[in-house]
Amino acid sequence: MGLPGAGKTTLANAIAPRLNAVVFNADEIRANINRDLGFSEPDRIEHARRMGWLCDQVVKTGGFAIADFVCPTPETRAAFLQGGEAFVVWLNRIDHGRYEDTNRLFIPPNSPNTEVEPAGTPEFWAERIVAELRPIFHSRKPTALLVGRYQPFHNGHKALMVEALKRVGQVCIGVRDTSGTDEKNPFSFEYVKARIEHALREYEGRFIVIPIPNITNIFYGRDIGYSVERIDLPSSVESISATSIRSALGV
C-alpha cells in the first residue's frame with residue numbers, strides 16, 4: 001500500500017515470483033471486476049473489501065496473495081481485512097502522489113509490518129519481506145519436537161502442530177518408522193511427509209519433517225534443559241480418530 005507512484009507494483013512484481021503469489025493490481029481489478037466503482041470514499045471502501053475477498057480466496061487454498069493498491073484510509077484497511085489479518089507493506093517513499101484527491105485522503109498506517117523507505121532497490125526490499133513471510137528453518141533456534149506415527153495425518157495432528165508453532169516458533173516433526181508393521185500403519189514415511197508438508201504449507205520454513213526410529217519410550221533424567229508438556233486441544237479436535245479415517249480410506 002502507499003501513494004500512487006510510490007513503487008507498489010514494481011515491488012509486488014519483485015515479491016510475487018519469490019512466493020509464487022497471485023498479484024491483484026488495483027488498476028487491473030478496476031478495469032475488470034470493479035468497473036462499477038469510482039473513487040468516492042464509499043467506492044474506495046467497497047473496492048478494498050472486494051480486493052480483500054479476492055485475496056482471501058487464494059489464501060484459503062494455502063497460497064500467497066498480494067494486493068497492490070493505495071488503501072488510503074483506516075476505513076479502507078478495515079474493509080480489506082474483513083476476512084482476516086494481512087502482512088502490511090507500506091511504501092513510504094514519496095510525500096505526494098500524482099492525484100491531489102488521493103493525497104488529501106491518504107492517512108499513514110499506524111503499524112505496518114514493513115515500512116519501505118526511499119533507499120534500497122526493489123530486490124533488496126523483496127528479499128527482506130520474503131525472509132519474514134517465508135523464513136528458513138534454523139536448527140539452532142528454539143524448536144518444539146512432536147513425535148508420532150501420523151497414520152494417517154489428520155486435522156487433529158495439524159491443530160497440535162499449529163499450536164506448537166504458536167508457542168515456540170518452529171517445530172521438528174518426527175515420524176516414527178512404523179510403516180507396514182501392522183494394519184494400523186499402512187502409510188510410508190514419504191506419504192506421511194507429503195501430507196504434513198501440504199497441510200502446513202502456509203508455515204513453510206518454520207517446520208521440518210524427519211524420519212525417526214520406532215520410538216516407544218521417552219526417558220529423561222534431572223536438569224534435562226527442556227520441558228515436556230501436553231497440549232490440550234478442544235474435545236472436537238481430540239476426538240478425531242485415525243482408526244476411523246483408515247477405515248474410511250479402506251486401508
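Thr114 is placed in strand S4, which spans residues 114-116, in a model that is predicted. With a relative accessibility of 6%, under the 20% limit for burial, Thr114 counts as buried. When its neighbours within four places in sequence are left aside, Thr114 is in contact with Phe87, Val88, Val89 and Trp90, and also with Trp125, Ile129 and Glu132. Two of these partners, Trp125 and Ile129, appear again in the list of helix H6 residues that meet helix H1, and the packing of that pair of helices is described next.

Helix H1, made of residues 8-19, packs with helix H6, made of residues 122-133, and their axes lie 9 Å apart at an angle of about 45°. Because an angle of about 45° is neither under 35 degrees nor within the range of 65 to 115, and is not over 145, H1 and H6 are classed as oblique to each other. The crossing in which H1 passes H6 is right-handed. On the side of H1, the contact is made by Thr10, Leu11, Ala14, Ile15, Arg18 and Leu19, while H6 contributes Pro122, Glu123, Trp125, Ala126, Glu127, Ile129, Val130 and Leu133. By residue class, the contact of H1 with H6 consists of 10 nonpolar residues, 1 polar residue and 3 charged residues.

Leu19, one of the H1 residues in this contact, lies in helix H1 and counts as buried, since its relative accessibility is 3% and the limit for burial is 20%. Apart from its neighbours within four places in sequence, Leu19 is in contact with Phe64, Val130, Leu133 and Arg134, and of these Val130 and Leu133 are listed on the H6 side of the helix contact. The C-alpha atoms of Leu19 and Gly63 are 8.5 Å apart in space, although the two residues are 44 residues apart in sequence.

The chain then continues into the loop between H1 and strand S1, the latter covering residues 22-25, and Asn20 is found in this loop. The phi angle of Asn20 is near 55°, a positive value in a residue other than glycine. Most residues other than glycine have a negative phi, and most peptide bonds are trans. Asn20 has a relative accessibility of 69% and is therefore counted as exposed, the cut-off being over 50%. Ala21 is found in the loop between H1 and S1 as well, but Ala21 is buried, with a relative accessible area of 16%. Leaving aside neighbours within four places in sequence, the contacts of Ala21 are with Ala16, Phe64 and Ile66, and Phe64 is also among the contacts of Leu19. Ala21 and Asn32, which are 11 residues apart in sequence, have C-alpha atoms that are 20 Å apart in space.

A further set of backbone features is found in the loop between strand S5, residues 144-148, and helix H7, residues 155-168, where Pro152 is placed. Gln151 and Pro152 are joined by a cis peptide bond, with omega at about 0°. Tyr150 lies in the loop between S5 and H7 too, and its phi is near 55°, which is a positive value in a residue other than glycine. Tyr150 is buried, with a relative accessible area of 6%, whereas Asn20, for which phi is likewise given as near 55°, is exposed at 69% relative accessibility.

With regard to the cysteines, the structure holds 0 disulfides. Cys71 is in no disulfide, and the nearest cysteine sulfur, which belongs to Cys55, is 10 Å away, while a disulfide would require the two sulfur atoms to be within 2.5 Å. Cys71 counts as buried at 5% relative accessibility, and Cys172 is also buried, with a relative accessible area of 13%.

Finally, Ser247 is placed in helix H10, which is made of residues 242-249. Ser247 has a relative accessible area of 56% and is therefore exposed, this value being over 50%. The C-alpha atom of Ser247 is separated by 9.9 Å from that of Lys184, a residue 63 residues apart from Ser247 along the chain.

Note on methods. Residues numbered from 1 in each chain as written. Predicted model: local features only at pLDDT ≥ 70, side-chain atom pairs only at ≥ 80, totals over all residues. Heavy atoms only, no water. Axes fitted to C-alpha atoms, helices over the stretch in contact; angles between N-to-C directions. Helix = DSSP H or I, 4+ residues; strand = E, 2+ residues; numbered from the N terminus. Left-handed = near helix turned anticlockwise from the far one by under 90°. Contact = heavy atoms within 4.5 Å. Nonpolar A, V, L, I, M, F, W, Y, C, P; charged D, E, K, R; others polar. Buried < 20%, exposed > 50% of the residue type's maximum accessible area, 1.4 Å probe, protein only.
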